[in-house]
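Thanks for coming, everyone. I'll put a structure up and walk through a few places in it. Stop me if I go too fast.

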Amino acid sequence: MILVVDIGNSNVVIGGVEGEKILFEARLRTDATKTSDEYTIDLKNILDIYNVSREGIEGSIIASVVPQVLNTFQTALMKLTGKKALVVGPGLKTGLNIAIDNPSQTGADLVVGAVAALREHKAPLIVIDMGTATTMVVLDKNGALIGGSISPGVKISLDALTGGTALLPGLQLDQPKRAIGRNTTDCMRSGIMLGTACMLDGMIARMEEELGYKTTVIVTGGIAKFVVPMCRREMIYDKDLLVKGLAALYRENKRS
């Protein structure tokens with residue numbers, strides 16, 4: 001079994017993968033103040049919960065958009081497994097053609113999502129990851145990553161709205177019943193949830209207009225399952241996309 005770790009701005013997703021099978025997925029809160037010993041304890045507790053023996057861990061791989069947590073987590077994995085983790089970044093073979101102005105600026109999570117999507121779907125593709133930020137990555141008909149967009153995630157929008165307006169209440173991210181809200185809570189839910197769905201529909205349409213052809217749209221991320229049903233454009237929701245992509249990158253780099 002291998003451990004795959006996706007360190008995002010809000011959460012750390014940890015997956016256990018054996019062959020093509022995902023044995024477990026767990027989440028930790030991303031905390032830059034934690035020490036490597038604290039993360040080691042967190043990892044050990046997760047393995048205990050899922051009855052996984054440390055001796056059975058072949059290796060690990062990390063993708064991170066939080067540099068200060070990446071170093072801490074590398075140390076934690078070394079303490080836990082006794083083996084150095086692979087890191088998605090310079091020097092790791094991805095097989096992905098990144099055709100943007102500065103390929104080195106491409107986030108590790110975007111690379112992993114693109115690699116996973118290309119393994120299971122035919123290009124052209126738009127890969128959407130709905131986390132702290134909502135990212136959209138465009139893969140042209142040749143499978144090259146040619147660009148995309150980054151916008152505030154649903155939770156950022158919600159926090160900005162409620163934090164900056166004293167009279168607006170907090171709310172659960174439920175699907176709105178209608179676009180025209182009849183009270184403050186419904187109006188906020190419509191604006192944030194339905195507004196995000198409309199943004200995705202509109203951005204996909206504009207991206208395809210620039211490409212000159214239709215794409216297959218793949219969506220992942222914690223909030224995606226709530227937003228995708230409200231979109232009018234057909235999309236494929238894959239909650240395990242990054243876990244599968246990390247596992248594929250580990251296997252391909254170990255083979256090479």
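Start with Asp 42. Its relative accessible area is 16%, and the cut-off for buried is under 20%, so Asp 42 counts as buried. Keep in mind that this is a predicted model. Which side chain does Asp 42 meet in a salt bridge? Lys 34, at 2.5 Å, N to O. Lys 34 sits at 22% relative accessibility, so this residue is classed as partly exposed.

There is a second pair of this kind. Asp 238 and Lys 244 join their side chains in a salt bridge, at 2.8 Å from N to O. Asp 238 is buried, at 11% relative accessibility. Lys 244 is partly exposed, at 26%.

Now Asp 240. Its salt-bridge partner is Lys 239, with 3.1 Å between the closest N and O atoms. Asp 240 is buried, with a relative accessible area of 16%. What about Lys 239, buried or exposed? Exposed: its relative accessible area is 54%, and the cut-off for exposed is over 50%.

How many salt bridges does a search of the whole structure find? The total is 14. Some of them join up. Glu 20, Arg 119, Arg 251 and Glu 252 are tied together in a salt-bridge network. As background, side chains of opposite charge can pair when their charged atoms come close.

On to the sheet. Five strands make it up, so let me give you the order: E8-E7-E6-E9-E10. The sheet is open, and its pairing is mixed. E8 and E10, residues 236–237, stand at the edges. Each has a single partner strand, so one side of each has no neighbour in the sheet.

Take E6 next, residues 125–130. Of its 6 residues, 6 are buried, so the strand is largely enclosed by the rest of the structure. Both faces are covered. On one side the buried residues are Leu 125, Val 127 and Asp 129. On the other they are Ile 126, Ile 128 and Met 130.

E6 pairs with E7 and with E9. With E7 the pairing is antiparallel, through 6 bridges. Ile 126 has Val 138 as its bridge partner in E7. The connection from E6 to E7 is a hairpin through 2 residues. With E9, E6 runs parallel, and there are 5 bridges. There, Leu 125 is bridged to Thr 216 in E9.

Follow E7, residues 133–139, to E8. These two are antiparallel and share 7 bridges. Thr 135 has Ile 150 as its bridge partner in E8. E7 and E8 form a hairpin too, with 5 residues between them. Look at Gly 143 in that turn: its phi is positive, about 85 degrees.

At the E10 end, E9, residues 216–220, pairs with E10 in the parallel sense. That pairing has 2 bridges. Ile 218 and Ile 236 are bridge partners there.

Now pockets. Rolling a probe the size of a water molecule over the atoms shows where empty space is left. What volume does the largest pocket have? About 1200 Å³. Its lining has 47 residues, and the closest to its centre are Asp 129, Met 130, Gly 131, Thr 132 and Ala 133. Asp 129 and Met 130 are the residues we met as buried in E6. Which strand gives the most to that lining? E8, residues 145–152, with 5 residues. By type, the lining has 21 nonpolar, 16 polar and 10 charged residues.

The second largest pocket holds about 300 Å³ of space. It is lined by 14 residues. Nearest its centre lie Gly 89, Pro 90, Ser 104, Thr 106 and Val 111. Here the split is 8 nonpolar, 6 polar and no charged.

Last stop, Gly 15. This residue belongs to strand E2, residues 11–18. Gly 15 is at 0% relative accessibility, so it counts as buried. What does Gly 15 contact, leaving aside neighbours within four places in sequence? Ile 2, Leu 3, Val 4, Phe 24 and Glu 25. Met 1 is 14 residues from Gly 15 in sequence, and their C-alpha atoms are 10.0 Å apart.

That's my tour. Questions, please.

Methods
Residues are numbered from 1 along each chain as its sequence is written. This is a predicted model: local features need pLDDT of at least 70, side-chain atom pairs count only at pLDDT 80 or more; totals for chains, interfaces and linings use all residues. Side-chain values use heavy atoms; hydrogens and water are left out. Helices (H or I, at least four residues) and strands (E, at least two) are DSSP runs, numbered from the N terminus. Buried means under 20% relative accessible area, exposed over 50%, partly exposed in between (1.4 Å probe, protein chains only). Contact means heavy atoms within 4.5 Å. On a 1 Å grid over the protein atoms alone, a cavity is a set of points where a 1.4 Å probe fits but cannot get out, and a pocket is an open set with protein on both sides within 12 Å along at least five of seven lines; lining residues have an atom within 4 Å of a point. Grid points are joined across faces, edges and corners, and a volume is the space filled by probe spheres set on the points. Ala, Val, Leu, Ile, Met, Phe, Trp, Tyr, Cys and Pro count as nonpolar, Asp, Glu, Lys and Arg as charged, and the others, Gly among them, as polar. Two strands pair if DSSP finds at least two bridges between them. A salt bridge is a side-chain nitrogen of Lys or Arg within 4 Å of a carboxyl oxygen of Asp or Glu.
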